[in-house]
There are 2 protein chains.
Amino acid sequence: MSSSAEKYDVFQAIADPTRREVLKLLTQKELSISNITSYFPMSRTAVAKHLHILSEAKLVSGRKVGREKLYRLQPESLEELKQWLSFFEQFWNNKLSILKHVVENDEQAGLQVIETECDEQK
Amino acid sequence: MSSSAEKYDVFQAIADPTRREVLKLLTQKELSISNITSYFPMSRTAVAKHLHILSEAKLVSGRKVGREKLYRLQPESLEELKQWLSFFEQFWNNKLSILKHVVENDEQAGLQVIETECDEQK
DNA sequence: ATAATATAACACCCAATGGTTTCGTGTCAA
DNA sequence: TTGACACGAAACCATTGGGTGTTATATTAT
């Protein structure tokens, strides 16, 4: 690891529950690696690796303060995720309205009904 | 019964570029496995595995039609991702002021509280 | 200076991932 | 019925990821 090229993008970075929890922690304030480690049942080295991955994805940034390294959130990088999501938003709003229609007419099976119901081909 | 013990959640499902591409394809219309495979430089089995993962994450659903299995997008599951994202949204434009505010008033322990707490722009 | 602390840098292990191929089964069409 | 097609399941393999521990280095405190 420790490659110069970035192997991790935002999508991979947030795929891990531990890393998502770290991000949540960092919304509070800057934290050192050891400090963050105290919240998790794993070694400091493991947490440092997670932080390195988050750092590659530009979701956090670390600055050296004395002998500690303080990490802080860099939430702007989540913009990429938001934009990716917005592409699908139109589709699932559409789906939800259809779902509502289905539920109104037949309200037993819910989500599973839809897959045999609406099939608009382009 | 909301199923149980799913190996793959939404976050892991979208971590893979191939799977994201599959989702994009499925926004157009239902597609069979072989049809989807034609878009990728990998075997049909590999694509089927990706589809299985997407299915576990409830991002797609498949129905058998004759000897084909047609997959369709199930974008409602992206709602979970959207909600996760919305938690951080409040931080990435005015993160400095909020961060300062949080540090001054309260320390940790309130991770879950914060999402209902500070949603006002300063 | 010395000791204690915090992080970095490695080497190593195990499990999971992502791909392959092969084989079997059910389905559609001559 | 026969054969091509679409899929599923399983075995298999290479690579990577996340975990461990150990050691090294730099900073702070005494």
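**Close-up views of a predicted protein–DNA model**

**Figure 1. Side chains of chain A and chain B at the bases of DNA strand C.** In this predicted model, the side chain of R67(A) places an N or O atom 3.0 Å from a base oxygen of DNA strand C. A second residue of chain A, R44(A), has a side-chain N or O atom 3.3 Å from a base nitrogen of the strand. From chain B, T45(B) contributes a polar side-chain atom that lies 3.3 Å from a base oxygen of DNA strand C. The elements that supply two or more residues to the surface near this strand are α3, α4 (44–56) and β3 (68–73) of chain A, together with α4 (44–56) of chain B.

**Figure 2. The protein surface around DNA strand C.** DNA strand C is surrounded by 20 residues, and the closest are S34(A), K69(A), S43(B), K49(B) and H50(B). Of the strand's atoms that come within 4 Å of the protein, 65% are accounted for by sugar and phosphate. Helix α4(B) provides the largest share of this surface, with four residues. Sorted by class, the surface near DNA strand C comprises nine charged, seven polar and four nonpolar residues.

**Figure 3. Contacts with the phosphates of DNA strand D.** The side chain of S43(A) has an N or O atom 2.6 Å from a phosphate oxygen of DNA strand D. For R19(A), a side-chain N or O atom is found 3.0 Å from a phosphate oxygen of the strand. In the case of I33(B), a backbone N or O atom lies 3.1 Å from a phosphate oxygen of DNA strand D. Two or more residues of the surface near this strand come from each of these elements: α4 of chain A, and α3 (33–37), α4 and β3 (68–73) of chain B.

**Figure 4. The protein surface around DNA strand D.** There are 21 residues around DNA strand D, the closest being S43(A), K49(A), H50(A), S34(B) and K69(B). Sugar or phosphate holds 66% of the strand's atoms within 4 Å of the protein, and the rest belong to bases. The largest share of the surface comes from α4(A), which gives five residues. By class, the surface near DNA strand D contains nine charged, seven polar and five nonpolar residues.

**Figure 5. The surroundings of I33(A) in chain A.** I33(A) belongs to helix α3, which covers residues 33–37 of chain A. Its relative accessibility is 15%, so I33(A) counts as buried, the cut-off being under 20%. Beyond residues up to four places away in sequence, I33(A) touches R44(A), V47(A), A48(A), L51(A), K69(A) and Y71(A). I33(A) and L70(A) are separated by 37 residues in sequence, while their C-alpha atoms are 7.0 Å apart in space.

**Figure 6. L81(A) in the largest nonpolar core.** The largest nonpolar core contains 55 residues, and L81(A) and L81(B) have the most contacts inside it. Leaving aside residues up to four places away in sequence, L81(A) touches V10(A), F11(A) and I14(A) of chain A. From chain B, L81(A) touches I14(B), L81(B), W84(B) and L85(B).

**Figure 7. R72(B), a buried charged residue of chain B.** R72(B) lies in strand β3 of chain B. As an Arg residue, R72(B) counts as charged. With a relative accessible area of 6%, R72(B) is buried. The side chain of R72(B) is joined to that of E30(B) by a polar contact of 3.1 Å.

Notes
Residues numbered from 1 in each chain as written. Chains lettered and ligands numbered in written order. Predicted model: local features only at pLDDT ≥ 70, side-chain atom pairs only at ≥ 80, totals over all residues. Heavy atoms only, no water. Buried < 20%, exposed > 50% of the residue type's maximum accessible area, 1.4 Å probe, protein only. Contact = heavy atoms within 4.5 Å. Near = heavy atom within 4 Å. Polar contact = N/O pair within 3.5 Å; in protein donor to acceptor, adjacent residues only side chain to side chain. Core = buried A, V, L, I, M, F, W, Y, C linked by side-chain atoms within 4.5 Å.
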